[in-house]
Amino acid sequence: MEGFGRRRGPESDAVAPVGDDHLQIEFDSPADQTGVVVSDPIERSRFVLSTPEEVQLRTADPDAFQFPADEAVTVRTDGLELETVVSVCVRDGSGEMLGQIEHFAEQTFPAGTYSVELFAPIKLYLRVDAPLRVVSDATRTRLEFESETDVLVGARSHHKRPAATIRTTDHPRDAMRAVSLLGSALKTTTVERSYPTLRGHPPLIERGSQFEAPDGLEPPETGVRLELPETHRHVYVAAPLAYYLGAEVVPGASPRIVTEGGFAYDLDGLDGFEKSVERVLKQTFFLDCLTRTEGYYQVDLHERRTLESTLDLDFADLYDRSIGEQLEAYLRVPYETIEPHLPEWKLTAHVTPNAPNVELLPFVANDLAVVTTPATQPTSGSSVQANAVDDFLRRTATPPSPSTAPAAGEFTRSAGTRSQQVGPDESKQTYVQPPETDSLEQAWLGPGIPIGASKASLQAYRNRLSRDPIEGDIGITVVCNDPKMAEERDAVESVYGSRDELPFEVRTHYELTVEELRSVLAEETEFLHYIGHIDEDGFQCPDGALDVTTIDSLGVDSFLLNACQSYEQGMELIERGAIAGIVTLNDVVNSGAVDIGRSLARLLNYGFPIRISLEIARKDSYIGSDYIVVGDGSFSVTQVQGALPNMCKITRSDSGFIVDYRTYPSAEYELGSMVVPYIPDNETYYLSSGTADTFELTEMELDDFLSLENIPTLIDGSLRWSENLSTDSF
């Protein structure tokens, strides 16, 4: 199958790539079927619209749609078939919603002009002037037009780039001016900004000798002001809230929100400033999600239906109100009323409030992160690490069963034996254990190696932002530098690239020399899965060691270094251009490393982000707490198999089976996205992420549910995959 960025036929028949300085969206004809393949060579996403006959792609105007599109083509056909089931929104020519079609549904529309929105890994829009029938079954969605007609196909990338760069001094007042401009990236100041596609990436911030902002870069006119004491701590904690509200940030004696209508809200409540800001951000965002159901997508939202009778809010009236008026109404609602219904937040970022970290603020704001400032200082010594890991294990890990516990005398993945292990000088390393939060991911943005959190870095965020498009298939590189570890190599080789709908190129290497490994690391690849030994000298090879600090060129986007004490080498990969990776803090027992390597391969191949993949894999591993994420943990190696990452926990009940259905944010579907679980008779939408709901299914319904998509499933604490399950498995 032809991959990303490749074209067929004369250049005049191809659609030129668009996007600022990078390729963004491409249209082409698939190599092994008829239709249109739409690809995003930066995000490495791909989607196929099949047609009954071969079609010619003609360049079209992307401004012809009701919503923003990056590029468009016209094809002539009597039908389109989608490679999976996606939500389909149909509007008339004026934009009024006529219907939304999900799994096992069918709807027919008479002759007319229709705007069709497809919720695929790449945002897709269709415009057609013809009768329309939309029908979905268990695995496919079809659009039928009665006879051949011109269909306008538009697409928009989920990749977000900042439009400007602000320079600021190290003075907190200038940082306030910079943060005031983050909201300039919002594509709307209505409640629709709670949709991830309508929140642009905030402008970058760099340090300089004086404050500078590009001409014309202004904060949105929302009439909302954040008054804060002049400290880095206050500015950093409030940055995501200022971005989401489009608020101006100014000096003040005490932290508070002030609107042009005269409403004021104290941000230094009983639980302190940081907790108050967190609650306002979550509450405002959540109630915007409920209010927006009066707008473009008037769906039956579970959270609104559950809470509406207890909230003294008129959503229809609030929809057209200003942000200030909405805030005044929202913040009258007790936080305790909505707290149990909030989506599970994507990220808590622990940011040291020093001057250099001002450059991180656009990235944590883009994630709508909860920002805290660390009270704990890193401490040197391996004993600190051991104590922290022990505590983390007591809190999170499942004790090993006899079948998974290491055998006596089993080797670890260090370069020597148990008694001869040589690793980094732990007396020079510092460790820190951030406080627990209820977010899916914790990122530590300060000195020290975190226990139980990702080690994020400014360089990783920059690397992702500057990611270039890559032509060809999705590249997976497996390196096994110790023949005794061939079991893991064989296990993961059969996993990577096993998805028929995506083109993969899996390259496997064995026992590479230093120069061979240097050459492999320079090759462009989405993911490196390294199996072998790492010590203080670097990656161990038959003829010596390769230290990443000696590498001049790196083509690796992300990685798993499944070797003992690989943290230092992993951080060096990030500094040289990688975006994210998984590394170890300690020596790891080989059998446990094989198991977690296999689990991570399946999760990453499915499309889970790196941090979430590790969290899920930990649930089924006795050594999971020896691994942490470095870099940007929200990075995904490939697009998710379904609409968004999801898994379930299944338990047997007296009358059938109980299914806890969970979703997770991804690059395509961030906070603010909605999901419809494909459960019989369910037409209710839920906000992602977290546990959407608990459903009770019969044996037949569960078998049908498990056949829809291959997802990770927890059964009695063990991680399984739905394609290998049936009701007899319980």
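Asp-716 is exposed in this predicted model, with a relative accessible area of 77%. That puts Asp-716 above the 50% cut-off, so the residue counts as exposed rather than partly exposed. Asp-716 sits in the loop that runs between strand E40 (712-715) and strand E41 (718-721). Its backbone is a bit out of the ordinary too: phi is positive, about 55°, although Asp-716 is not a glycine. As a rule, most residues other than glycine have a negative phi.

Glu-511 tells a similar backbone story, with a positive phi near 45° in a residue other than glycine. This one is found in the loop between strand E27 (504-510) and helix H12 (514-522). Glu-511 has a relative accessible area of 42%, so it is classed as partly exposed. Another backbone oddity turns up at Ser-688 and Ser-689, which are joined by a cis peptide bond with omega at about 15°. Ser-689 belongs to the loop between strand E38 (686-687) and strand E39 (690-697). In general, most peptide bonds are trans.

Back at strand E41, what happens to Trp-721, which is part of that strand? Trp-721 has a relative accessibility of 7%, under the 20% cut-off, and therefore counts as buried. Setting aside neighbours within four places in sequence, Trp-721 is in contact with Arg-602, Leu-603, Tyr-606, Asn-710, Ile-711 and Pro-712. Glu-709 is 12 residues from Trp-721 in sequence, and their C-alpha atoms are 9.7 Å apart.

Charged side chains come next. The model has 38 salt bridges. One of them pairs Arg-91 with Glu-117, where the closest N and O atoms are 3.2 Å apart. This pair links distant parts of the chain, since Arg-91 lies in strand E6 (residues 88-92) and Glu-117 in strand E9 (residues 113-119), 26 residues apart. Both Arg-91 and Glu-117 are buried.

Arg-305 and Asp-300 form another salt bridge, with N and O 2.9 Å apart. Here Arg-305 is partly exposed at 47% relative accessible area, and Asp-300 is partly exposed as well, at 36%. The salt bridge between Asp-490 and Arg-489 also has an N to O distance of 2.9 Å. In that pair Asp-490 is partly exposed at 42%, whereas Arg-489 counts as buried because its relative accessibility is 17%. Salt bridges can also join up into a network, as they do for Glu-106, Arg-133, Arg-142 and Glu-144.

What, then, of Glu-441, a buried residue that has no salt bridge? Glu-441 is found in strand E23 (residues 441-445). The nearest side chain of opposite charge belongs to Arg-611, 5.1 Å away. A salt bridge needs a distance within 4 Å, which is why this pair does not qualify. The side chain of Glu-441 does make a polar contact of 3.2 Å with the side chain of Ser-454. Beyond its neighbours within four places in sequence, Glu-441 is in contact with Lys-346, Leu-347, Thr-348, Ser-454, Arg-611, Gly-633 and Ser-634.

Strand E23 also comes up in the surroundings of helix H10 (residues 458-465). This helix is mostly covered, with 6 of its 8 residues buried. The buried ones are Leu-458, Ala-460, Tyr-461, Asn-463, Arg-464 and Leu-465. Besides E23, the cover over these residues includes strand E14 (204-207), strand E19 (347-351), helix H8 (361-366), helix H13 (567-575) and strand E34 (627-631).

Finally, there is an open sheet of 3 strands, ordered E29-E30-E31, with antiparallel pairing. Strand E29 (534-535) and strand E31 (544-546) stand at the edges, each with a single partner strand, so each has one side without a neighbour in the sheet. E29 pairs with strand E30 (residues 538-541) over 2 bridges, in the antiparallel sense. Within this part of the sheet, Ile-534 stands opposite Phe-539 in E30. Helix H12 lies across E30 and E31, and runs at about 20° to E31.

Definitions and conventions
Residues are numbered from 1 along each chain as its sequence is written. This is a predicted model: local features need pLDDT of at least 70, side-chain atom pairs count only at pLDDT 80 or more; totals for chains, interfaces and linings use all residues. Side-chain values use heavy atoms; hydrogens and water are left out. Helices (H or I, at least four residues) and strands (E, at least two) are DSSP runs, numbered from the N terminus. Buried means under 20% relative accessible area, exposed over 50%, partly exposed in between (1.4 Å probe, protein chains only). Lys and Arg count as positive and Asp and Glu as negative; His and the chain ends are not counted. A polar contact is a pair of N or O atoms within 3.5 Å; within protein, one must be able to donate a hydrogen and the other to accept it, and residues adjacent in sequence count only if both atoms are side-chain atoms. Contact means heavy atoms within 4.5 Å. Two strands pair if DSSP finds at least two bridges between them. Axes are lines fitted to C-alpha atoms, for helices over the stretch in contact, and angles run from 0 to 180 degrees between N-to-C directions.
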